[in-house]
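Ready for some practice in reading a protein model? Work through each exercise with the structure open, then compare your steps with the solution.

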Amino acid sequence: FDIYFEGNSFRFYAKPYFLRLILPGRVVEDGREKASYDISGIFTIHLPKEIPGEKFDGLDMLTALLAPKKSRSAKPLVEEMGAPEEIMEEEEEFDWEIKQTLQKDNMEDSLCPSGSYGFGSQKSGVFRRLQDELNEVVDVKNPDITLASERREKRLAAEAAKFDPDHYLADFFEEEAIHRLLNYKPWWVNAYELMINAQESTSWISFTEDEKEQLRKFTNRTFLLDKRASQQVYL
């Protein structure tokens, strides 16, 4: 991913996503900036303030942060008439910034059940917003306007076309890596074995305070699913 920041301007790019923010204060590049990525898909970016301790107001107002910077080349309200022709007018700076808006659910997509997918077929129109990167994300073209049965047929055809026998032959003869994966035991298996061997009711699996707080934040949601959707969910 790429990060650019200067003054109160911040830009972030991780294909296929782009984000531009206009911060309420100025930041500076002095070696203290750092960024990290978590496997859960979260980017954490630290930018030092130009004035240490300055309060940045309005960081929770996403619409204001996404708005493009106002043009600095505004024409003067008062112009001198009859100026000499030798004076060239200053060329107005072209605004190259793309307008950003918060993502909203499309009512038209929700009325088109043929292109729905996800848990209980609750999602639609997601891939339509990723047309430029669609070939790198999914194998089935135009999933938003394709029936579920057709998507399955196209998926099976794509898997058959990409099947490589040599790949599986390599796994058969070079089995060292496969055995290492088959013998791997996650931490909860060892914790369960310790609990059984100890013959105690004390749980060997515990949550941190942050994990408990995250569990408390989860909301209960109810989905109205028909019989077919319920079968797909259980599968």
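**Exercise 1.** With which residue does Asp-30 form a salt bridge?

*Solution.* Keep in mind that this is a predicted model. Start from the general idea: side chains of opposite charge can pair when their charged atoms come close. Now look for the partner: Asp-30 pairs with Arg-32, and the closest N and O atoms are 2.9 Å apart. A salt bridge requires such atoms to be within 4 Å. Finally, check the surroundings: Asp-30 has a relative accessible area of 40%, so this residue is partly exposed.

**Exercise 2.** Which parts does the salt bridge between Glu-50 and Arg-26 tie together?

*Solution.* First, find the contact: the closest N and O atoms of Glu-50 and Arg-26 are 3.2 Å apart. Next, place both residues: Glu-50 sits in the loop between strand E4 (42-46) and H1, while Arg-26 belongs to strand E2 (residues 17-27), so the bridge links parts 24 residues apart in sequence. Last, compare accessibility with the limits: partly exposed lies between 20% and 50%. Glu-50, at 39%, is therefore partly exposed, and Arg-26, at 42%, is partly exposed too.

**Exercise 3.** Is Leu-66 buried or exposed?

*Solution.* Begin by locating Leu-66, which is in helix H1 (residues 62-66). Then apply the cut-off: buried means under 20% relative accessible area. Leu-66 has 9%, so Leu-66 is buried. To finish, look across the chain: the C-alpha atoms of Leu-66 and Leu-21 are 5.2 Å apart, although 45 residues separate them along the chain.

Conventions
Residues are numbered from 1 along each chain as its sequence is written. This is a predicted model: local features need pLDDT of at least 70, side-chain atom pairs count only at pLDDT 80 or more; totals for chains, interfaces and linings use all residues. Side-chain values use heavy atoms; hydrogens and water are left out. Helices (H or I, at least four residues) and strands (E, at least two) are DSSP runs, numbered from the N terminus. Buried means under 20% relative accessible area, exposed over 50%, partly exposed in between (1.4 Å probe, protein chains only). A salt bridge is a side-chain nitrogen of Lys or Arg within 4 Å of a carboxyl oxygen of Asp or Glu.
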